[in-house]
Amino acid sequence: MITRFAEKDRYNAVAAGLHWLIASLLFAEIYVGWTFGDMERGAARDLWFDWHKTVGITILVISVARLGWRIANPPPPLPARTPPWERVAAGLSHFGFYVILIGLPLTGWTAVSTGRAALTSDVMSLINGLSWPLIPGLPRTLHEPMEGVHELLVKVTYALIILHVVAALKHQFMDKGRMAGRMWPFPRR
Ligand code: HEM
């Protein structure tokens, strides 16, 4: 009985696995974005950009699957004594993560679908000779605004990551793990 109650209060293995998989891909993707963003045009930059598109589309697919999983399997309840402001902050930051995990790849995909690549092809290259369809029928005037929104969402991502890590550390060390213990590998309290 006690064990079942504790399990109910924790994210299950699928949710925790998807959480850490997406977190790793997101950090790798930010690193790849910084790297190719600073490179001269040429074959080396194209390869890094192929990695950027590949990892980004992977994040999009997994994040949509994760959102579906979350809707079908609601997250564990917050500890009963969680103050209202913390409930609102947690809800907003988790919502914000879904916005960036889906919005970043979508704005990047839209930027490529309205850029030079779209003049000669209806697919974009990924790594290993793979390709992915461009979004058809979009006006070219969307290209620059979408690049701008992509860069803005990158900044929102930095802010959310800092907020999320600070909150997790506060929950672990100041609130004695009541909330952080909901997510593996934080110890259950
Ligand atoms: C979660 C997924 C993604 C993250 C975290 C991400 C992150 C980044 C970062 C950090 C940069 C460099 C920004 C800068 O130098 O200021 C960048 C640039 C860029 N990304 Fe992404 N990206 C993602 C998905 C995608 C996808 C799926 C595509 C295309 C299919 C894409 C296309 C681009 C383009 C075209 C640029 C250059 C924008 C410019 O030159 O202004 N991104 N991205």
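**Stop 1: the iron site**

Start by selecting the iron atom of the ligand together with H52 and H150: the NE2 atoms of these two histidines are its protein donors, each lying 2.0 Å from the iron. Keep in mind as you look around that this is a predicted model. Now show all the donors around the metal. What arrangement do the six donor atoms make around the iron atom? The angles they subtend run from 87 to 180 degrees, and that makes the arrangement octahedral.

Next, colour the helices that carry the two histidines. H52 sits in helix α3 (residues 43-72) and H150 in helix α6 (residues 143-174), so this pair ties together parts of the chain that are 98 residues apart in sequence. Before leaving, put a surface on the protein and look for H52. Is H52 buried or exposed? Its relative accessible area is 13%, under the 20% cut-off, so H52 counts as buried.

**Stop 2: the whole protein**

Zoom out and switch to a cartoon. You should find six helices and two strands, and walking along the sequence gives the pattern α-α-α-α-α-β-β-α. The C-alpha atoms fill a box of roughly 60 × 30 × 25 Å along the principal axes. Of the 189 residues, 37% count as buried.

**Stop 3: helices α2 and α3**

The next stops are helix pairs. Two packed helices are described by the angle between their axes and the distance between the axes.

Select helix α2 (residues 13-37) along with α3. Their axes come within 9 Å and cross at roughly 155 degrees, which makes α2 roughly antiparallel to α3. The crossing of α2 past α3 is left-handed. Colour the contact by residue type: what does it consist of? You will see 17 nonpolar, seven polar and three charged residues where α2 meets α3.

**Stop 4: helices α3 and α4**

Keep α3 on screen and bring in α4. Here the packing angle is about 140 degrees and the axes are 9 Å apart. Is α3 oblique or roughly antiparallel to α4? Roughly antiparallel needs an angle over 145 degrees, so α3 counts as oblique to α4. As α3 passes α4, the crossing is left-handed.

For a residue to centre on, pick L60, which is found in helix α3. L60 counts as buried, at 9% relative accessibility. Then draw a C-alpha to C-alpha distance from L60 to I100: the two are 40 residues apart in sequence and 9.8 Å apart in space.

**Stop 5: helices α4 and α6**

Hide α3 for now and show helix α4 (residues 84-113) with α6. These two pack at an angle of about 150 degrees, with their axes 8 Å apart, and that makes α4 roughly antiparallel to α6. Once again you are looking at a left-handed crossing, this time of α4 past α6. The contact of α4 with α6 divides into twelve nonpolar, twelve polar and three charged residues.

Two residues of α6 are worth a click. One is L153, in helix α6, which is buried with a relative accessible area of 14%. Its C-alpha lies 9.0 Å from that of V99, although L153 and V99 are 54 residues apart in sequence.

The other is V165, also placed in helix α6. How exposed is V165? Its relative accessible area is 43%, so V165 is partly exposed. Draw the distance from V165 to T107: these residues are 58 apart along the chain, and their C-alpha atoms are separated by 25 Å.

**Stop 6: two backbone details**

Finish with the backbone itself. Most residues other than glycine have a negative phi, and most peptide bonds are trans.

Select N128, in the loop between strands β1 (123-125) and β2 (131-133). Its phi is near 60 degrees, a positive value in a residue other than glycine. Turn the surface back on and you will find N128 exposed, with a relative accessible area of 75%.

Last, move to the segment after α6, where P185 lies. Which kind of peptide bond joins W184 and P185? The bond is cis, with omega about 5 degrees.

Technical notes:
Residues numbered from 1 in each chain as written. Predicted model: local features only at pLDDT ≥ 70, side-chain atom pairs only at ≥ 80, totals over all residues. Heavy atoms only, no water. Donors = N, O, S within 2.8 Å, 3.2 Å for Na, K, Ca; no water. Tetrahedral: all angles 85-135°; square planar, octahedral: opposite > 155°, others 65-115°. Helix = DSSP H or I, 4+ residues; strand = E, 2+ residues; numbered from the N terminus. Buried < 20%, exposed > 50% of the residue type's maximum accessible area, 1.4 Å probe, protein only. Axes fitted to C-alpha atoms, helices over the stretch in contact; angles between N-to-C directions. Parallel < 35°, antiparallel > 145°, perpendicular 65-115°, else oblique. Left-handed = near helix turned anticlockwise from the far one by under 90°. Nonpolar A, V, L, I, M, F, W, Y, C, P; charged D, E, K, R; others polar.
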